[in-house]
Amino acid sequence: MAYTTLISPAELLAHLDDPDWAIVDCRFSLEDPQRGWNDYLRAHIPGAVYAHLNEDLCAPHIPGVTGRHPLPSPEQLAQKFSNWGIGPGVQVVAYDDWEAASGGVAARLWWSLRWLGHEAVAVLDGGWKRWVELGYPWRDGWEARPSTTFIPKPRPELVVNASQVETLRLDAVYRVVDSRSADRYRGENETIDPVAGHIPGAINIPNAENVGTDGRFKPREELRARFTALLGDVPAQNVIFYCGSGVTACHNLLAMLHAGLGEARLYAGSWSDWITDPSRPVARGSQAF
């Protein structure tokens, strides 16, 4: 049975020596982009390879032209996955130590694999912090897996661009959802992007509220109730999530699928892409418009 949303540390521990399981360390810090790599070299889950958010999971950022974490091409991602030994029949497990919500970066790798047709991928519930708390084994240094051939099978229905968002945000049968914290949604305390506010028409569902105080995802039933209360009867395929740069919005996509509500869509460029065009409207405050 493939794991397709979350996996517990105990479940991963039982498969540490399985050659058909690929573990990917996604630890990353916006403030210090090399910190995750340094932390990986000091200690990581045995067998894990390292994925750098900026260098491995994103295309180069072009200020004023793209969002902060643009999607690579399917071919570029497929080469990375091949190098990490990810191919048919391989179960992938991603983890991080994202402080705001465990899995915030690992979910981007989770989504990227699903976008290219590989569904056997899960995020470690509780991440690196939970693994260490349980006293589970770790290793230092660099590790690699035997390379293989990843054949991408893109699913274009999972991603939307700014032009589509501009149209769909005004359509009553769709919901555009801002996954950032409530203060950034309102246009307060913006410390990352040069323009504050949100896409007009977007509602706010902060991804950090998917996890409890212990860093683990809340129970399925609780997640389901949360998303249902905010989205009503809008089907998952009509829900579009964004965040600051298309990374932590994937956390909401993961939580929604884990809750059994289906697979929503990602505005990959997100807020940092939206504001590259000054003609696009901006809303502030607690109201959607």
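In this predicted model, helices α5 and α10 are roughly perpendicular to each other, because they pack at an angle of about 70°. Charged side chains also pair up here, with 17 salt bridges found across the whole structure, while the number of disulfides is 0. Let's take these topics in turn.

**Two packed helices**

- Two packed helices are described by the angle between their axes and the distance between the axes.
- For α5 and α10, the angle is about 70° and the axes are 8 Å apart.
- Angles from 65 to 115 degrees count as roughly perpendicular, which is why α5 and α10 get that description.
- The crossing has a handedness too: α5 passes α10 in a left-handed crossing.
- Which residues of α5 meet α10? They are Ala107, Arg108, Trp110, Trp111 and Arg114.
- On the α10 side, the residues in contact are Cys250, His251, Leu253, Leu254 and Leu257.

**A salt bridge that starts from α5**

- Arg114, one of the α5 residues that meet α10, also forms a salt bridge with Glu263, at 2.8 Å from N to O.
- Why does this pair tie together parts that are 149 residues apart in sequence? Arg114 belongs to helix α5 (residues 106-115), whereas Glu263 sits in the loop between α10 (249-258) and β10 (265-267), so the link joins those two places.
- The partners differ in exposure: Arg114 counts as buried at 5% relative accessibility, whereas Glu263 is partly exposed at 21%.

**More salt bridges to find**

- Arg68 and Asp193 bring their side chains together in a salt bridge of 2.8 Å, N to O.
- Arg68 is in the loop between α3 (53-56) and α4 (74-83), and Asp193 is in the loop between α8 (182-186) and β8 (203-204), so this pair ties together parts 125 residues apart in sequence.
- Are Arg68 and Asp193 buried or exposed? Both of them are buried.
- This pair also belongs to a network of salt bridges, in which Arg68 and Asp193 are linked with Asp178, Arg180, Arg184 and Glu190.
- Another salt bridge joins the side chains of Arg139 and Glu143, at 2.9 Å from N to O.
- Within that pair, Arg139 is partly exposed with 40% relative accessibility, and Glu143 is buried with 16%.

**Cysteines without disulfides**

- A disulfide is a covalent bond between the sulfur atoms of two cysteines.
- How many disulfides does the structure hold? The count is 0.
- Cys58 is in no disulfide, and its nearest cysteine sulfur, that of Cys250, is 9.7 Å away.
- The sulfur of Cys243 also has Cys250 as its closest cysteine partner, but the 6.9 Å between the sulfurs is too far for a bond.
- A disulfide needs the two sulfur atoms within 2.5 Å, which is why the 6.9 Å of Cys243 does not qualify.
- Cys58 is buried, with a relative accessible area of 8%, and Cys243 is buried too, at 1%.
- Cys250 is also among the α10 residues that meet α5.

**An exposed proline in a loop**

- Pro194 lies in the loop between α8 and β8, the loop that also holds Asp193.
- Is Pro194 buried or exposed? With a relative accessible area of 77%, Pro194 is exposed.
- Pro194 and Asp214 are 20 residues apart in sequence, and their C-alpha atoms are 33 Å apart in space.

How values were computed
Residues numbered from 1 in each chain as written. Predicted model: local features only at pLDDT ≥ 70, side-chain atom pairs only at ≥ 80, totals over all residues. Heavy atoms only, no water. Salt bridge = Lys/Arg side-chain N within 4 Å of Asp/Glu carboxyl O. Helix = DSSP H or I, 4+ residues; strand = E, 2+ residues; numbered from the N terminus. Buried < 20%, exposed > 50% of the residue type's maximum accessible area, 1.4 Å probe, protein only. Axes fitted to C-alpha atoms, helices over the stretch in contact; angles between N-to-C directions. Parallel < 35°, antiparallel > 145°, perpendicular 65-115°, else oblique. Left-handed = near helix turned anticlockwise from the far one by under 90°. Contact = heavy atoms within 4.5 Å.
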